[in-house]
Amino acid sequence: EMAIVPPGFDIDAPRWDQSTFLGRLKHFLNITDPRTVLVTEKELDRAKVLVESCRAGLVPPGSSQEQLLYAKKLYDSAFHPDSGEKMNIIGRMSFQVPGGMALTGCMLQFYRTVPAVVFWQWMNQSFNAIVNYTNRNAASPISLRQIGVAYVTATSAALATAVGLNLYTKRAPPLLARWVPFAAVAAANCVNIPMMRQQEIINGITVTDEDNNELGHSRRAAVKGIAQVVVSRITMAAPGMIILPIIMERLEKYPFMQRIQVLHGPLQVLLCGGFLLFMVPAACALFPQRCSLALADLEQELRDSIVAKHGDKVPYVYFNKGL
């Protein structure tokens, strides 16, 4: 026995205006909520069934709007927006705070010796590779060989930057050495994300009109989407990895901090968590998830085919940029 969805309620309609930064921030605060990581598989599957039945216009009798919106929150946090498949837990944006704070805290704490730098940068790139693969535009398949090449290239870029700068800053002020992990993370993001999503750049990604009707595949759209994701990821890491070293540099001069050196690592991890709680949704919200590109900026061939079919009715094309 099922009831009809309340009139005027569209479960896929954004709750907040996605054309403004504030609206997107509220949306991502909702779906990157780290508490959703603790939700059981069974409850996630139930949420998916509820969302899909709601899309079909039917819901269990007595379902409140709050219950439907909570099911959508769980669905958005755990299922891929393109394929609808359940994402692995490590790759979900809701895992960015617990996963990111542990890795960033350790990178900032253990930056003095080359083996420690190598180990923590490698751990971080392994985590990033999983996140980037999980949040790719799912319409573009990528082979295991390409994943392997992307992973090795990004890890090499991070290690080369970190180890090179580590040796270079040996005689520099201590604060500069503390900023080395951020430089390595930024360099690796510039390599890891485009490499992990190279199929999108090679073959293009699906672009649609405003009403989601498919128009073709565009490489320029892929480049724009991936560039925005790179900027978002570097922004996500920046405040914690730039400001936190300044805070720790000051704190470590106090005698009480020198007495509790064993707690410096856990303290940095906790402080990283504080930064990431806000920075993960804020960085995701920098650009709209449904990205747009002016018709004039598309490849000539695709532009001509759209104009031939639709005339001047399609001034912009739209696509999912990934996260």
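For the lining counts in this tour, Ala, Val, Leu, Ile, Met, Phe, Trp, Tyr, Cys and Pro are taken as nonpolar, Asp, Glu, Lys and Arg as charged, and the others, Gly among them, as polar. By that division, the lining of the largest pocket holds 18 nonpolar, 17 polar and 13 charged residues. The model on screen is predicted.

**First stop: the centre of the largest pocket.** Select Asp12, Lys72, Pro81, Gln289 and Arg290; of the 48 lining residues, these lie nearest the centre of the largest pocket. The space enclosed there amounts to about 1500 Å³.

**Second stop: the elements around it.** Colour helix H1 (21-31), helix H3 (65-78), strand E3 (205-208) and strand E6 (316-320), each of which supplies at least two residues of the lining of the largest pocket. Then isolate H3, which gives the most to this lining, with 6 residues.

**Third stop: the two domains.** Give domain 1 (3-79) and domain 2 (93-320) separate colours. Why does the largest pocket lie between them? Both domains give residues to its lining, so the pocket is placed between the two.

**Fourth stop: the second largest pocket.** Select Glu43, Arg46, Ala47, Leu50, Pro60, Ser63, Gln67, Tyr70, Ala71 and Leu74, which line the second largest pocket. Helix H2 (41-55) and H3 are the elements that give two or more residues to this lining. The volume here is about 180 Å³. Colouring by residue class shows 6 nonpolar, 2 polar and 2 charged residues in the lining of the second largest pocket.

Definitions and conventions:
Residues are numbered from 1 along each chain as its sequence is written. This is a predicted model: local features need pLDDT of at least 70, side-chain atom pairs count only at pLDDT 80 or more; totals for chains, interfaces and linings use all residues. Side-chain values use heavy atoms; hydrogens and water are left out. On a 1 Å grid over the protein atoms alone, a cavity is a set of points where a 1.4 Å probe fits but cannot get out, and a pocket is an open set with protein on both sides within 12 Å along at least five of seven lines; lining residues have an atom within 4 Å of a point. Grid points are joined across faces, edges and corners, and a volume is the space filled by probe spheres set on the points. Helices (H or I, at least four residues) and strands (E, at least two) are DSSP runs, numbered from the N terminus. Domain bounds come from an automatic or database domain assignment.
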